[in-house]
Amino acid sequence: MARIGRNDPCPCGSGRKYKKCCHGRDEAVSPYTEHERLSALDKLGACCLDERWDAQCDAVDSLFAAYEEDELLVDVEYVDTVTQEVVDRYTYFDQVMADGQTLARHLLREAARLTDGERRYIEAAADCPMRVFEIVQVAPGSSLTMRDVLDGDEVTVREIMGSRNAKRWDLMTARIVPRGASGQPEIDSCGLSLPRQQRDSLVSWLRTQREAFDRDHPSAGRRQFWVEMAPLVYDFWLGLATGKHLPQLTTTDGEEMIPTEVHFEVCDAETLRDALDRARDMVQGQDDTSQWLGPKTKGKSPIIRGWLKLQGARLVLSTHSRERADKGCKRIERIAGDAVRAGLRSHTSVQHLMRQALTGPADHKPEPQPEELAGLVLQMQDKHYRGWIDESIPALDGATPRAAAGSTTLRPKLVEMIKDLENMYLAALARGQPAYDARWMWEELGLGQHPDAPSAATHPLLTGYESLTRHLAKLRQAATTIATTFRARPDFGPASTMDQGYLESELTFRRFVDDEMKASHAAGSPPEVAVNWGNLIATHLQWAANFETHLRKTFRVDESLAWMLGSTRLDLSGDQLRLPFASFAIVLDDRETLARAERLLSGLEDCELRGQPLRVITAHVAEVPVDGARILKFALIFDALAGQWPYLLARDLYIRDDDRL
């Protein structure tokens with residue numbers, strides 16, 4: 001958890017240094033409790049019932065735009081809940097009442113009505129306006145690092161629930177108190193989720209507003225600016241929720257950007273291939289993929305109008321607009337004739353994706369995508385973005401992303417584009433949808449050292465075993481004890497490993513698993529949850545004990561070898577497959593393998609790492625003999641190295657000598 005320096009800006013938004021702000025003067029004062037925070041809010045709510053403040057409370061209601069339920073593009077209950085929280089906090093802490101003070105300051109003068117903890121909460125929250133942040137780092141179940149979109153100030157806040165669903169580069173409004181009930185910076189009120197796609201226009205608008213505010217109020221502080229902006233930011237958010245402010249994204253031809261796919265039935269694959277080869281505007285790639293190009297203009301690369309993928313009896317055309325899909329259909333039918341027949345068409349509105357960002361991640365089960373279709377989508381996206389970095393981009397003043405990376409004026413725009421792609425990737429993972437990882441662009445474009453680039457490891461990453469034993473230190477001691485006993489057996493040899501039957505009769509193993517189940521139940525877990533916890537610990541302890549038995553042999557796979565392995569097809573008989581050791585671990589941290597793992601986990605509803613970027617994968621392998629066959633036991637440990645437990649995926653592979661692998 002990052003600590004605030006006494007000379008750093010106070011996270012309350014006052015603009016003062018922490019040591020000079022009221023929040024930083026007396027760090028010895030005990031923080032308030034969560035119960036005291038809630039009771040203080042109840043007392044502030046009761047103050048609103050005083051007839052003296054009716055006019056001011058009505059003024060707050062008029063500041064925040066009204067809406068009709070039938071105008072909303074998102075859930076009405078969600079909008080009502082968020083609006084009520086925003087209005088309440090503004091009424092308590094920001095609106096000046098008839099006596100020249102806010103309700104919070106008014107209640108603080110009546111000391112007899114407040115406990116010490118309630119008073120400390122109100123004092124803290126009174127100076128913390130609603131501001132707009134982007135999320136820089138996420139530690140699921142622990143914390144968020146947030147950056148003020150105007151000033152760039154960063155603060156790491158303790159946040160348990162919100163950090164499980166948040167994604168890097170999400171935009172949100174929040175009131176942050178420097179010392180919450182935990183004694184650390186905390187989000188007191190989240191407020192509004194804003195679409196990442198609107199960042200540039202939102203930040204530009206906020207900067208213009210602040211320039212005007214500073215001219216009109218030269219002596220006012222940063223806090224007062226954000227107080228003035230709260231109703232306007234809310235109106236901006238409401239305009240998105242009602243569709244009034246949704247941008248009309250367009251292609252380079254001025255058409256509304258609506259990703260569209262057309263599926264053709266292939267009647268004669270050979271004739272179709274010949275037709276595509278002869279067409280000048282179709283550029284053939286690998287694996288039966290083609291680019292459909294627009295007319296070439298002098299000095300510029302031709303625009304890619306769409307992508308074609310021939311797969312068996314199906315041809316798929318992917319474009320960025322309905323109009324391009326129509327033109328593409330006519331073009332394909334003209335050059336291919338009776339070799340194809342147009343069929344199913346599908347499209348996704350970009351505006352629909354932006355509406356999803358307003359309500360956060362969906363809480364329903366992800367709809368599984370056909371593996372074949374998901375792979376096709378990812379191949380097309382990869383083809384597009386590999387070419388995109390060398391295309392002329394209107395948003396970059398006609399420069400290519402590669403050229404923009406070397407320009408001091410265009411580089412910030414390019415960085416925001418890559419951040420948009422990263423955020424879209426993580427959002428797709430969280431929804432269990434096909435997700436394309438474009439983070440390779442940071443290095444490819446020479447931006448790997450940029451402060452916002454994914455942090456590269458400066459030393460070997462923790463293996464799954466090392467990471468797990470940080471969370472459960474006793475596991476290594478138990479595994480070592482079990483391994484020492486097993487190695488002392490007279491029949492122990494280089495190929496000896498422990499199966500489940502042996503371990504269930506081993507005293508240290510049984511005691512450790514039983515103790516963990518009892519501890520889980522004593523902590524309040526239902527019996528079935530405690531049993532599941534015991535089964536998880538037993539699985540972890542089995543591979544850990546075998547790993548310790550064979551002296552923790554570990555292989556780290558570099559990026560080039562990982563690529564070769566990922567491109568290799570296994571074709572051998574069972575008797576040809578031999579392991580280098582009876583138990584060992586393989587560690588991978590290259591981006592392509594991590595992206596494959598992230599897509600795998602995105603389809604597992606119970607995985608807490610779903611939608612989170614991984615840092616390392618450890619595959620623990622052990623061979624266990626059985627009658628007439630062998631069992632290869634795999635324990636795949638996926639880790640984001642963000643403070644939470646790694647995720648375990650265990651699989652057994654039964655192999656007979658005559659099996660074809």
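**Notebook: strands, one helix crossing, cysteines**

I looked up β4 and found that β4 pairs with strand β6 (residues 193-194) in the antiparallel sense, over two bridges. I am working from a predicted model. For this pair I noted one set of partners: M172 is bridged to S193 in β6.

Next I went through the other neighbours of β4. Strand β5 (residues 186-189) pairs with β4 through three bridges, also in the antiparallel sense. There I found V177 opposite E186 of β5. Strand β1 (residues 131-139) runs antiparallel to β4, and four bridges join them. In that pairing V132 stands opposite T173 of β4.

I then checked how covered β4 is. The strand spans residues 171-177, and seven of its seven residues are buried. I sorted the side chains by direction: L171, T173, R175 and V177 point one way, M172, A174 and I176 the other way. Both groups are buried, R175 included.

**Sheet β13 to β17**

I moved to the C-terminal strands and traced an open sheet of five strands in the order β13-β14-β15-β16-β17, with mixed pairing. Which strands stand at the edges? They are β13 (554-557) and β17 (647-655); each has a single partner strand, so one side of each is left without a neighbour in the sheet. I noted an average twist of 20° from one strand to the next.

Within this sheet I spent the longest entry on β15. Strand β14 (residues 583-588) and β15 run antiparallel and are joined by six bridges. F584 has V621 of β15 as its bridge partner. On the β16 pairing, eleven bridges join β15 to strand β16 (residues 629-639), again antiparallel. I wrote down two sets of partners here: A619 with L636 of β16, and T618 opposite I637 of β16.

I also looked at the turn between these two strands. The hairpin of β15 and β16 has two residues between the strands, and G628 takes a positive phi near 75° there.

Is β15 enclosed or open? Nine of the eleven residues of β15 (residues 616-626) are buried, so the strand is largely enclosed by the rest of the structure.

I checked what lies over the sheet. Helix α20 (residues 527-549) lies across β13, β14, β15, β16 and β17, and runs at about 65° to β17.

**Helices α1 and α5**

I looked up the crossing of helix α1 (residues 34-47) with helix α5 (residues 116-126): their axes come within 8 Å and cross at roughly 75°. That angle makes α1 roughly perpendicular to α5. I listed the residues in the contact. From α1 they are E36, R37, S39, A40, L41, K43 and L44, and from α5 they are G117, E118, Y121 and I122. By class, the contact holds five nonpolar, two polar and four charged residues.

**Cysteines**

I searched the whole structure for disulfides and found zero. I then asked why C47 has no bond to C48. The sulfur of C48 is the closest cysteine sulfur to that of C47, but the two are 7.1 Å apart, too far for a bond; my cut-off for a disulfide is 2.5 Å.

I recorded accessibility for two cysteines. C47 counts as buried because its relative accessibility is 5%, and buried means under 20%. C267 has 37% relative accessibility and therefore counts as partly exposed.

How values were computed:
Residues numbered from 1 in each chain as written. Predicted model: local features only at pLDDT ≥ 70, side-chain atom pairs only at ≥ 80, totals over all residues. Heavy atoms only, no water. Axes fitted to C-alpha atoms, helices over the stretch in contact; angles between N-to-C directions. Parallel < 35°, antiparallel > 145°, perpendicular 65-115°, else oblique. Contact = heavy atoms within 4.5 Å. Nonpolar A, V, L, I, M, F, W, Y, C, P; charged D, E, K, R; others polar. Buried < 20%, exposed > 50% of the residue type's maximum accessible area, 1.4 Å probe, protein only. Pairing = 2+ DSSP bridges.
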